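Please take a moment with the sequence and the three-dimensional structure below before reading on. The paragraphs after them lead from the whole chain down to single residues.

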Amino acid sequence: MRRLESYACGEWVAAPEHGQILHDAVTAEPVAVIGSEGLDMQAILDHARSIGGPALRHYTFHQRALMLKALGQHLMAQKDRFYAESWATGATRNDAWIDIEGGISTLFVYSGKGRREMPNAHLYLDGAQERISREGGFTAQHVYSPLQGAAVHINAFNFPCWGMLEKLAPTLLAGVPAIVKPARQTAWLTECMFRSIIDSGILPEGAVQLICGGTGDLLDRLDYQDAVSFTGSHATGLKLAQTPAIQRNATRFFMEADSLNCSILGRDVRPGSTAFDLYIKELTREMTAKAGQKCTAIRRALVPADRIDAVAEALRQRLRDLTVGNPRNERVRMGALAGQAQRDSVAERIRQLAQDNEILLGEDLHADPLDADAERGAFLPPVLLHARDPLSSSAHDIEAFGPVCTLMAYHDEEEAIELAAQGRGSLVGSIVTEDSAIATRLGIGVAPHHGRLLILDPVAAKESTGHGSPLPHLIHGGPGRAGASEEMGGVRGVTHYMQRTALQGSPDMLTAITGRWMQGATRQLDEYRHPFQKHFDELEIGDAVITAEREITLEDIERFADLSGDRFYAHMDEDAARRNPFFEGRVAHGYFLVSLAAGLFVWPDEGPVLANYGLDDLRFAAPVYAGDRIRVQFTCKQKTDREGEEYGEVRWDTTLVNQNDEAVANYDVLTLVRKRQN
Ligand code: NAP
């Protein structure tokens, strides 16, 4: 039988022959043997820390982002292999799509975000320069740098590919090596994809390792530069978080755990309406996708009391004809749970729920599967319950991790909010309504109990990704029972694997360390060569021009008003302008100042500067009147190399000052600048 292999210290290590046997969720046939006995956990950690970490940190954010893209392309080209391995997990083709292609798309999103939102450098700057002194000689900037240890990823069984990739993408982008530990139940699929990652040769040695089986004493060896990202049950998470070494060394521990997510039907939504159908569709999908084994599935459906029967009937109709069975058969809409142990555990929880909730559908727990043996395969039918007393229902506490949902009646929004909060912290909630007042009341009421909240109406529904789909752009995680951590959320997720440090010092020192020119730092003025005459690679941070002065006249203001059509009274009417508390008379248009600044600082001849693609953070600090004299301090603030392109991005600090040396406007000009040919 196939022996799963771990990947440790650059070697594939097979499970012992007599390891634990894993079974096909549909046929119960043995699939593989798993076990990690004999792996040296200290050596794995050392390999990550001393080989993988330095190798990854050698690259910039953009270079690592490009690795993620290449990896995504490589895995996408191999996807048929993963689909073939996925059947035995019980997943239908649609379920596998979420896991496999949804997981791969996380790599692409992080690659794009890494290159658009992070610098092509080794430090990530958090926010703007902080002014902390009167003269500006002492200043501060928050920066993120990668942790120097390893990230241990402990994943749940339900998404063997997505679960691995959604953690790997931000970790690798941060520059931190990962040790992946998949849940045993479905580890053969993770192993298959992981093997493909290694075979691609895209990641440096030590960047990723795999433990198929138990983690032995790995967690006892972690220190404060390491991190653990755990997905699984609250009970396991709590136990692992209390590992003495993790407590003693304050190792970062992120937990994504059980979640009794709710979906609320707004009181405005009547049976027969489009919004009502949306609600039913969403409930059906969340009960049946992945046979309900989604951490984000709707476990509690909160419905106005007078519509419980209508919702139950609509669900009955939809679920009655659902084909459950062997996912290899194309007619099957819901496959098996991940294994018999899962099925038995879910069945036991349904029995517990049935003590104070009435089962409306699926009472006998018999699925009658198509193309499969009901005894050997891990099948369950969709099970719908109804809470007799919603406020004290056990459905707020018991997570049946399968195709199970409980209907709960509510009478007004306050009661709906109270019921939602009974989940004691959820990954996601949704509200189906077309009434913005109801959406606002419910939204503000339930937001503190959720990590993500979907407001669904027919407009959003056209493109909605649904209640149950975490997106790499958005945070995935929730308060309380859900683990009180966050994953993904774009660049936020990358910073989980980095240390934030408040750097303090002189503007020149901070410019040198951060690679971004700080206000107050030295400017290099070159009277023979304008910075616009320099190629990207010749420009240095701090290269600057200080322009000649230009006096503003009333005629300028009149002519700009004619040209632009902007005849706002503060520019045109002396008396009206004086009545305005901010002005002492007619003021120059702010946009005129921005335009005249360009007239002062640009070098007009054809040269390496290709385009101006925007302005950032424009602020007008003081009014400018006719007679004022303006000059511009224009300074190369930050350079972002574009890997593989013939140009880079250059950000210029642009400060307009008047005859009294008072800053009247400040902003960043964004340009694309050609690199030298060779
Ligand atoms: P689990 O039993 O808690 O296992 C989760 C992971 O922890 C598995 O990889 C498991 O490995 C590992 N593990 C268990 N004991 C360990 C130990 N002593 N040392 C190191 N690792 C250990 O959860 P599960 O039954 O697989 O997953 C179902 C649960 O996960 C549900 O409650 C569900 O809500 C939750 N879940 C949450 C999310 C989320 O994003 N919030 C997503 C999916 C699932 P082994 O397989 O080797 O035991």
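What follows starts with the chain as a whole and then turns to its domains, its cores and some of its helices.

The model shown here is predicted, and its chain has 678 residues, of which 56% are buried. Taken along the principal axes, the C-alpha atoms fill a box of roughly 90 × 60 × 45 Å, and the secondary structure comes to 20 helices and 28 strands. Among the contacts between residues at least 6 apart in sequence, 74% join residues that are at least 24 apart.

The domain assignment divides the chain into domain 1, made of two stretches (5-123 + 145-258), domain 2 (261-464) and domain 3 (523-674). The centres of domain 1 and domain 3, taken over C-alpha atoms, are separated by 49 Å, and the contact between these two domains takes eight residues from domain 1 and five residues from domain 3.

In soluble globular proteins, nonpolar side chains tend to be buried together. In this chain the largest nonpolar core holds 58 residues, and those that touch the most other members are Leu 165, Leu 168, Met 193 and Ile 197. Helix 5 gives the most to this core, with eight residues. Apart from residues up to four places away in sequence, Leu 168 touches His 153, Ala 178, Val 180, Ile 197 and Val 208. A second core, separate from that one, has 38 residues, among them Val 26, Cys 262, Ala 291 and Ala 400.

Helix 5 also leads to a pair of helices. The axes of helix 5 (residues 162-174) and helix 6 (residues 187-200) come within 10 Å and cross at roughly 40°. On the side of helix 5 the contact is made by Met 164, Leu 165 and Leu 168, while helix 6 brings Thr 190, Met 193, Phe 194 and Ile 197. By character, the residues of this contact divide into six nonpolar, one polar and no charged.

Two other helices have a buried side and an exposed side. In helix 16 (residues 507-514), the buried residues are Pro 507, Leu 510, Thr 511 and Thr 514; because they cover an arc of only 105° around the axis, they lie on the same side of helix 16. Met 509 and Ala 512, on the other side of this helix, are exposed. The elements that cover the buried residues of helix 16 include strand 5 (124-131), strand 6 (139-146) and strand 21 (498-505), and the helix is followed by Gly 515, whose phi is positive, near 75°.

Helix 17 (residues 554-564) can be read in a similar order, beginning with its buried residues, Asp 556, Ile 557, Phe 560 and Ala 561. Seen down the axis, these buried residues fall within an arc of 135°, so they line one face of helix 17. The face turned away from that buried side carries Glu 555, Arg 559, Asp 562 and Leu 563, which are exposed. Strand 24 (550-551), helix 18 (569-572) and helix 20 (590-601) are what the buried residues of helix 17 pack against, and after helix 17 comes Gly 565, with a positive phi near 85°.

A single residue can close the tour. Asn 94 has its place in helix 4 (residues 93-117), and because its relative accessibility is 61%, Asn 94 counts as exposed. Although Asn 94 and Lys 290 are 196 residues apart along the chain, their C-alpha atoms are separated by 8.4 Å.

Notes: Residues numbered from 1 in each chain as written. Predicted model: local features only at pLDDT ≥ 70, side-chain atom pairs only at ≥ 80, totals over all residues. Heavy atoms only, no water. Axes fitted to C-alpha atoms, helices over the stretch in contact; angles between N-to-C directions. Helix = DSSP H or I, 4+ residues; strand = E, 2+ residues; numbered from the N terminus. Contact = heavy atoms within 4.5 Å. Nonpolar A, V, L, I, M, F, W, Y, C, P; charged D, E, K, R; others polar. Buried < 20%, exposed > 50% of the residue type's maximum accessible area, 1.4 Å probe, protein only. Arc of directions from axis to C-beta. Core = buried A, V, L, I, M, F, W, Y, C linked by side-chain atoms within 4.5 Å. Domains from an automatic or database assignment.
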